[in-house]
Amino acid sequence: MQNYEKFCHSGQLLYFCKLKLTSMASVKCSIPKGTRDFLPTEMARRNYIFDTIRSVFRTFAFEPIETPSMENLSTLMGKYGEEGDKLLFKVLNSGDFMEGVDFNQDYHKVAPQICERGLRYDLTVPFARFVVQHRDQITFPFRRYQLQPVWRADRPQKGRYREFYQCDADMIGSTSLLNELELVQMIDMVFTKLGINVTVKINNRKVLAGIAEMIGAPERLIDITVAIDKLDKIGLDNVRAELRERGLSEDQIHALDPVFSLSGSANEKLTTLERMFADVEVGQKGVEELKTLFGYIGAATMNCEVELDLTLARGLNYYTGAIFEVKAKDVQIGSICGGGRYDNLTGIFGMPDVSGVGISFGADRIYDVLTELQAFPEGLERAARVMFINFGPAEQAACVGIVARLRAEGISALIYPDAAKMKKQMDYANRKAVPYVAFVGESEMQTGTVTLKNMSDGTQQTLSIDALIDTIK
């Protein structure tokens, strides 16, 4: 046990739960850092985001699936790059997981022995596993969407959480660049509906591979992409410093300067790249794909700004073609959507040569953007359109049938549960922002009517049940 304690406190990124006996009086109400509770108002706003994204996915004929929160670590490890693997939450095996384990060994040897499962880091790798496992039950090309939480053992900060939702859409089983166009169109439609001004940045991993080959460092592609992917966060000088640390020579780093300094329109940049890649086949292929994609985008109607960003790398190792990243123009925050083409992710699981492409909307960052912009529609938090005042048993019984009629018409309605003082009931309606309050007293019971008060302007009218339904609708 002593070695286990020493191992767990050695600073390695192994996440575990150590139970400690405490008295009930000393238990502190809290949640882990990087996670959040959501109150009803917050959930109403989150559901607005989810419903908007889901409606666009359905408009583009994507089908829903779900996968488990946990995956086998063998499924997850090695798919996200060195830094991504470090951020995986690992789950301790059940039972006596310490039996026969030498905790004096290196962490990387011990972890697989005591942790066989992990919380999913994203939705794409589990989707690739899903496709291979259910290949006989789905039709290719397969278009799926998925809205579920993911977990990353990251340092919590503004816009970065340990538990957060991703809203993914992927097309798999087709290499057509029309798929990339549709992803850009979906991005445009989602953020137009949400009222967020965005810039869609596009690059191609084949272009990055061409750059690595052009400077004589094709084996350093991952090092180059990991470093330049941080350009917006740490600046050019720090990127150069990191490239030096990763083993690139001064000549190779200097050879990247023309890439960093390229300017002009997408077509102008691509024309320059064509000349630079005169003898680099993979780079030429990347330029060709980008020319085709930007041609499609130019022929489509877009509300958002789309630009070619040759420093965009996307740190995940599985991307092989077009890559996307979306930034909000009016709020300082990280990317709120991203994705790309992956040509052989399913090959890792025994199903080679199945190309896919997808995007992921970061619902939590989108929430933060809409909050900062104060752009959520009014009234999202209203649970009820009308509340019936409770005058007592007889009136309450009369209200039950009326409320049932309203609910059958799709109108959210409630009866205050207790025959409390009028002020208490009206205060409740005000706090819950209920737009209408209904009264069914002795006279209304005799005439089969309802007195309806509009809480915004204070006006009242006595209506039949049919007229009540029409008015509230």
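**Exercise 1.** In which loop, between which two strands, does Leu312 lie?

*Solution.* This is a predicted model, in which local features need pLDDT of at least 70, side-chain atom pairs count only at pLDDT 80 or more, and totals for chains, interfaces and linings use all residues. Residues are numbered from 1 along each chain as its sequence is written, and side-chain values use heavy atoms, with hydrogens and water left out. Leu312 is found in the loop that joins strand 8 (305-308) to strand 9 (322-328), strands being DSSP runs of E of at least two residues and helices runs of H or I of at least four, numbered from the N terminus.

**Exercise 2.** Determine whether Leu312 is buried or exposed, and list what Leu312 touches.

*Solution.* The relative accessible area of Leu312 is 4%, and buried means under 20%, exposed over 50% and partly exposed in between, with a 1.4 Å probe and protein chains only; Leu312 is therefore buried. Leaving aside residues up to four places away in sequence, Leu312 touches Lys201, Ile202, Asn203, Leu208, Ile323, Phe324 and Glu325, where contact means heavy atoms within 4.5 Å.

**Exercise 3.** Describe how helix 14 (residues 266-276) and helix 15 (residues 281-299) are oriented.

*Solution.* Their axes, lines fitted to C-alpha atoms over the stretch in contact, with angles from 0 to 180 degrees between N-to-C directions, come within 10 Å and cross at roughly 165°. Angles over 145 degrees count as roughly antiparallel, under 35 as roughly parallel, 65 to 115 as roughly perpendicular and the rest as oblique, so helix 14 and helix 15 are roughly antiparallel. The contact is made by Ala266, Leu270, Leu273 and Glu274 of helix 14 with Val287, Leu290, Lys291 and Phe294 of helix 15.
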